[in-house]
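Please open the model in a viewer and keep the sequence at hand. The tour below proceeds by selection, one stop at a time.

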Amino acid sequence: MDSIQKLLTPEVKNIITQDLLNKRIVFLGESEHHIGSDFLAKTEFVKYLVTEHQYQNIAFESDFFALYFEHEQKNTFPFWSKSVQCEELFKFLKEHNVVIWGFDNQFSTPFTFATFSKQLFSFLQQNDIVIEERFKNLVAVVMKNGSEIDKILSQNDVDYITAQIDNLLKDSRVLSNAEWNQFMQSFKSTVIQYTSSKKMGKQLRDSQMAKNLNFLTERLPNDKFMVWAANAHISKLNEDYMEYQNMGYLYNQLNPGITYHIAFAPIKMPYRTDKFIKSQQKNKNNLLSLLPDTDHNYFINSQLFIEANPLDKDKSFEGMFGTGMGNGNTVWFKHFDALVFIANGEKVKYP
């Protein structure tokens with residue numbers, strides 16, 4: 001590939017164009033949320049997908065509720081919305097009228113904390129759905145304290161909230177409103193996630209993220225979507241060692257055959273010595289050994305690689321593509337349709 005400012009060469013574009021036939025959804029991963037060079041590389045892919053393949057929606061691993069009403073940069077997580085490396089991305093999205101969505105069930109924005117309760121109670125009142133005062137009070141506690149509710153709510157409180165939501169989800173007036181049906185399901189998963197074990201929390205979150213993303217793409221069945229998230233969440237596989245970080249897999253179960261998954265990672269980083277990089281490239285069990293060098297950016301198409309190297313179809317390689325993949329040793333070419341290596345990595349920067 002070329003330099004990061006004009007990353008996609010004609011050869012890479014030709015490969016992707018063939019791969020995108022009948023693909024509505026392109027997942028763009030990142031190794032960690034603090035790797036700014038991943039953001040820069042992904043931005044070049046976004047530009048290409050918008051200008052040459054007419055993708056007009058982008059869904060972030062960010063607040064589902066807030067971005068459903070306010071399609072704005074500020075409602076994405078700060079490592080994107082406030083980073084120097086994403087300034088060009090958001091400028092481009094605005095100039096090209098790309099709609100920003102979110103699919104994360106977690107509440108993370110001032111918009112949601114300030115308006116979710118009001119909108120929920122207003123919807124219920126407008127539909128003559130009566131709720132108990134205790135439910136109102138506990139919803140207020142959740143919206144005020146967010147992920148800290150495990151220190152405040154008793155198990156009895158949590159059971160009560162979830163039981164009340166389950167009752168609401170059975171109401172025909174809620175069932176007939178697709179948006180609030182989805183918002184309530186997402187809210188319920190968040191409450192349980194924040195008050196459960198870490199492992200159950202991961203499972204609930206990825207499961208709900210897949211459902212929220214499916215909701216968005218079903219609402220706009222003729223539109224194409226780019227999905228901006230961590231590599232761990234966009235994998236096509238569901239393996240035990242991933243600890244339920246399987247949003248991409250779950251979404252694929254609902255929508256087989258329409259997705260394309262690209263993972264991104266840096267090679268050189270301030271915390272990786274030259275000696276370490278050289279040792280990894282010499283290691284035949286490391287992905288870096290597949291590259292001609294570690295001084296340039298590279299794109300590997302999984303299908304073409306396996307066709308050329310059939311004996312490596314089930315081989316596990318060490319890699320630098322992020323957490324949740326068996327300590328970096330896994331069958332990467334089954335997880336993703338393509339791998340992008342950025343030679344000179346950098347951490348996220350803020351103004």
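Helices here are DSSP runs of H or I with at least four residues, numbered from the N terminus. The model is a predicted one.

**First stop: Tyrosine 160**

Select tyrosine 160, which is found in helix H8. Is this side chain buried or exposed? Tyrosine 160 has a relative accessible area of 11% and is therefore buried, the cut-off for that class being under 20%. Display its surroundings next: leaving aside residues up to four places away in sequence, tyrosine 160 touches Glu132, Arg134, Phe135 and Leu138. For a sense of distance, add asparagine 285 to the selection. The C-alpha atoms of tyrosine 160 and asparagine 285 are 51 Å apart in space, and the two residues are 125 apart in sequence.

**Second stop: Arginine 134 and aspartate 157**

Keep Arg134, one of the residues that tyrosine 160 touches, and add aspartate 157. The side chains of aspartate 157 and arginine 134 form a salt bridge, with an N to O distance of 3.0 Å. Aspartate 157 belongs to helix H8 (residues 155–170) and arginine 134 to helix H7 (residues 133–145), so this pair ties together parts that lie 23 residues apart in sequence. Colouring by accessibility separates the partners: aspartate 157, at 16% relative accessibility, counts as buried, whereas arginine 134, at 33%, counts as partly exposed.

**Third stop: H8 against H10**

Now select H8 together with helix H10 (residues 178–194). The axes of H8 and H10 come within 10 Å and cross at roughly 165°. That angle makes H8 roughly antiparallel to H10, because values over 145 degrees fall in that class. The crossing of H8 and H10 is left-handed. Show side chains at the contact: Val158, Ile161, Thr162, Ile165, Asp166, Leu168 and Leu169 of H8 meet Asn181, Met184, Gln185, Phe187, Lys188, Val191 and Ile192 of H10. Nine residues of this contact are nonpolar, three are polar and two are charged.

**Fourth stop: H6 against H10**

Keep H10 in view and replace H8 with helix H6 (residues 110–126). At what angle do the axes of H6 and H10 cross? They cross at roughly 130° and come within 12 Å. H6 and H10 are therefore oblique to each other, and their crossing is left-handed. On the H6 side, select Phe116, Gln119, Leu120, Phe123 and Leu124; on the H10 side, these meet Trp180, Phe183, Met184 and Phe187. The contact of H6 with H10 is made up of eight nonpolar residues and one polar residue, with no charged residue. Met184 and Phe187 of H10 appear in the contact with H8 and also in the contact with H6.

**Fifth stop: further salt bridges**

How many salt bridges does the structure hold? There are 17 salt bridges in the structure. Select glutamate 88 and lysine 47, a salt-bridged pair whose closest N and O atoms are 3.5 Å apart. Glutamate 88 lies in helix H5 (residues 87–95) and lysine 47 in helix H2 (residues 36–53), so the pair ties together parts that are 41 residues apart in sequence. Glutamate 88 counts as partly exposed, at 39% relative accessibility. Adding Glu44 to the selection brings up a network of salt bridges that links Glu44, Lys47 and Glu88.

Finish at lysine 74 and glutamate 70, whose side chains meet in a salt bridge at 3.8 Å, N to O. Lysine 74 counts as exposed, at 53% relative accessibility, and glutamate 70 as partly exposed, at 21%.

Note on methods
Residues are numbered from 1 along each chain as its sequence is written. This is a predicted model: local features need pLDDT of at least 70, side-chain atom pairs count only at pLDDT 80 or more; totals for chains, interfaces and linings use all residues. Side-chain values use heavy atoms; hydrogens and water are left out. Axes are lines fitted to C-alpha atoms, for helices over the stretch in contact, and angles run from 0 to 180 degrees between N-to-C directions. Helices (H or I, at least four residues) and strands (E, at least two) are DSSP runs, numbered from the N terminus. Angles under 35 degrees count as roughly parallel, over 145 as roughly antiparallel, 65 to 115 as roughly perpendicular and the rest as oblique. A crossing is left-handed if the near helix is turned anticlockwise from the far one by less than a right angle, and right-handed if clockwise. Contact means heavy atoms within 4.5 Å. Ala, Val, Leu, Ile, Met, Phe, Trp, Tyr, Cys and Pro count as nonpolar, Asp, Glu, Lys and Arg as charged, and the others, Gly among them, as polar. A salt bridge is a side-chain nitrogen of Lys or Arg within 4 Å of a carboxyl oxygen of Asp or Glu. Buried means under 20% relative accessible area, exposed over 50%, partly exposed in between (1.4 Å probe, protein chains only).
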